[in-house]
Amino acid sequence: MERRRSVLLLPGQGAQRERMAAGLYGAREEFTAPMDEFFGRLGTTGERLRSAWLRPAPNPELDESAVAQPLLLAVGHALGRAVGAAAEPPALLLGHSVGELAAACLVGVFDPADIGALAAARSRALEGTGRGGMLAVAAPEGQLAEELGGLGDGVELGGSAEGTAVGADGVTVLGMADGVAVAGAADRTAVTGVPDGTGFAGLADGTAFAGVAVAALNGPRQTVLAGPREALAAVEQHLRDRGILVRALRSGHAFHSPAMEGAALRFGEALAGFGPRAPRAAAGTVVSSRTGVAVTAEQARDPHFWGGQLAAPVRYWPALRELLDTLGRRPGLLLLDGSADRSLSAPARHHPAVRDGASEVVPLLAVGRDAGGPADARVFAEALHRLGEQRDHAAVS
């Protein structure tokens with residue numbers, strides 16, 4: 001029997017939690033070592049980040065991008081390293097926002113020794129720009145287009161002809177001219193760099209909602225908006241008045257919106273100094289949540305492909321849905337959820353491939369009151385056991 005392919009899902013800003021994965025720290029050396037290396041390379045800044053990470057809730061400091069993003073990057077990378085060391089590297093990696101940068105480090109696009117410097121460069125790029133907020137909305141983008149008078153136009157754009165899609169065998173790369181890819185961004189955004197305005201779904205100037213844009217598609221009815229705080233507050237009240245559930249995310253920036261174009265350019269320029277490389281063939285395939293398809297060697301070497309992510313919408317659900325549609329039953333997927341709230345796998349649980357049991361969600365961390373404590377090590381061990389069962393079953397079939 002052919003083995004299910006493992007897919008490592010890594011979170012981004014908004015999914016950070018106090019003491020996320022901290023129960024693995026000191027309990028699993030393969031997780032502890034990369035975390036200590038990350039903190040050590042940052043010196044006094046690393047010590048402050050370690051303290052912020054291990055502090056129990058409530059911890060408002062974790063709402064700050066300069067704290068949350070480096071920790072999400074480090075924890076995501078350490079989780080991937082731990083899975084690879086204790087079992088085997090995931091076949092596929094799908095990261096949300098900064099989680100995609102962690103995935104890039106895991107497959108060798110960036111040197112793991114540079115993770116601390118990468119985090120610092122990302123934080124510097126954010127200085128003085130893109131202040132605002134993000135709002136999670138329990139509605140599809142089409143409904144928001146109707147409710148807000150145009151928001152959502154242009155979100156579902158065709159993929160770039162230069163992109164690639166993960167094939168039915170999990171490694172075959174297919175051209176996108178036939179529309180296989182889902183929700184790819186406009187060519188300039190998806191392939192080479194910072195958006196030029198095409199592909200953003202924003203509201204026109206002169207409206208109460210001006211500057212608010214679709215920042216992420218996280219599920220069939222899970223859309224994230226980003227923009228200036230005043231305009232975002234007007235959108236929030238408008239949607240609440242219409243009975244739509246909304247929730248402010250833990251972010252002080254309008255990530256993945258036009259407000260971040262300057263930061264995206266600066267980050268791309270900084271990333272050039274790290275010498276991004278093509279992924280190692282044996283390290284797994286990164287499926288981009290910008291394009292919805294596998295990252296090509298050319299894209300991986302382009303620093304502005306990674307830097308432009310700051311200003312481009314995140315198409316996480318279309319990318320995950322495409323994986324489940326194409327590989328969910330041939331032979332199935334093991335979705336390794338690396339989030340501390342299991343939000344990454346939540347939309348997948350309703351997909352037919354998961355409902356039918358052909359694919360399976362495997363959490364890596366404990367949630368709720370158990371999160372960040374000894375239960376993390378127990379849940380992680382259970383995930384490794386499940387991966388081992390799959391390997392052993394395939395070996396004897």
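**Note on two pockets and a four-stranded sheet**

1. The largest pocket has a lining of 28 residues. Nearest its centre lie Ala-136, Asn-218, Val-224, Arg-247 and Leu-249. Keep in mind that this is a predicted model.

2. Which elements give two or more residues to that lining? They are strand 3 (133-137), strand 6 (213-219), strand 7 (222-227) and strand 8 (246-248). The space in the largest pocket comes to about 490 Å³.

3. The lining of the largest pocket is mixed in class. It has 14 nonpolar residues, ten polar ones and four charged ones.

4. Now the sheet. Strands 6, 7, 3 and 8 form an open sheet, in the order 6-7-3-8. The pairing is antiparallel. These four strands are also the elements that give two or more residues to the lining of the largest pocket.

5. Why is one side of strand 6 and of strand 8 left without a neighbour in the sheet? Both strands stand at the edges, and each has a single partner strand, so one side stays without a neighbour. On average, neighbouring strands of the sheet are turned by 25 degrees against each other, direction ignored.

6. Look next at the pair formed by strand 3 and strand 8. Three bridges join these strands in the antiparallel sense. Leu-135 has Ala-248, in strand 8, as its bridge partner.

7. Two helices deserve a look alongside the sheet. Helix 6 (residues 141-148) packs on the sheet and touches strand 3, strand 6 and strand 7. The direction of helix 6 makes about 50 degrees with that of strand 7. Helix 8 (residues 229-241) lies across strand 3, strand 7 and strand 8. Helix 8 runs at about 15 degrees to strand 3.

8. The second largest pocket has a volume of about 260 Å³. It is lined by 16 residues. Closest to the centre of this pocket are Arg-3, Arg-4, Arg-5, Glu-88 and Ala-91.

9. Where does the largest share of the lining of the second largest pocket come from? It comes from helix 14, with three residues. Helix 14 spans 375-396. Strand 1 (5-10) also supplies at least two residues of this lining.

10. By class, seven residues in the lining of the second largest pocket are nonpolar, three are polar and six are charged. For the largest pocket, the classes are 14 nonpolar, ten polar and four charged.

Technical notes:
Residues numbered from 1 in each chain as written. Predicted model: local features only at pLDDT ≥ 70, side-chain atom pairs only at ≥ 80, totals over all residues. Heavy atoms only, no water. 1 Å grid on protein atoms, 1.4 Å probe; cavity = no way out; pocket = protein on both sides within 12 Å on 5 of 7 lines; lining within 4 Å. Points joined across faces, edges and corners; volume = space filled by probe spheres on them. Nonpolar A, V, L, I, M, F, W, Y, C, P; charged D, E, K, R; others polar. Pairing = 2+ DSSP bridges. Axes fitted to C-alpha atoms, helices over the stretch in contact; angles between N-to-C directions. Contact = heavy atoms within 4.5 Å.
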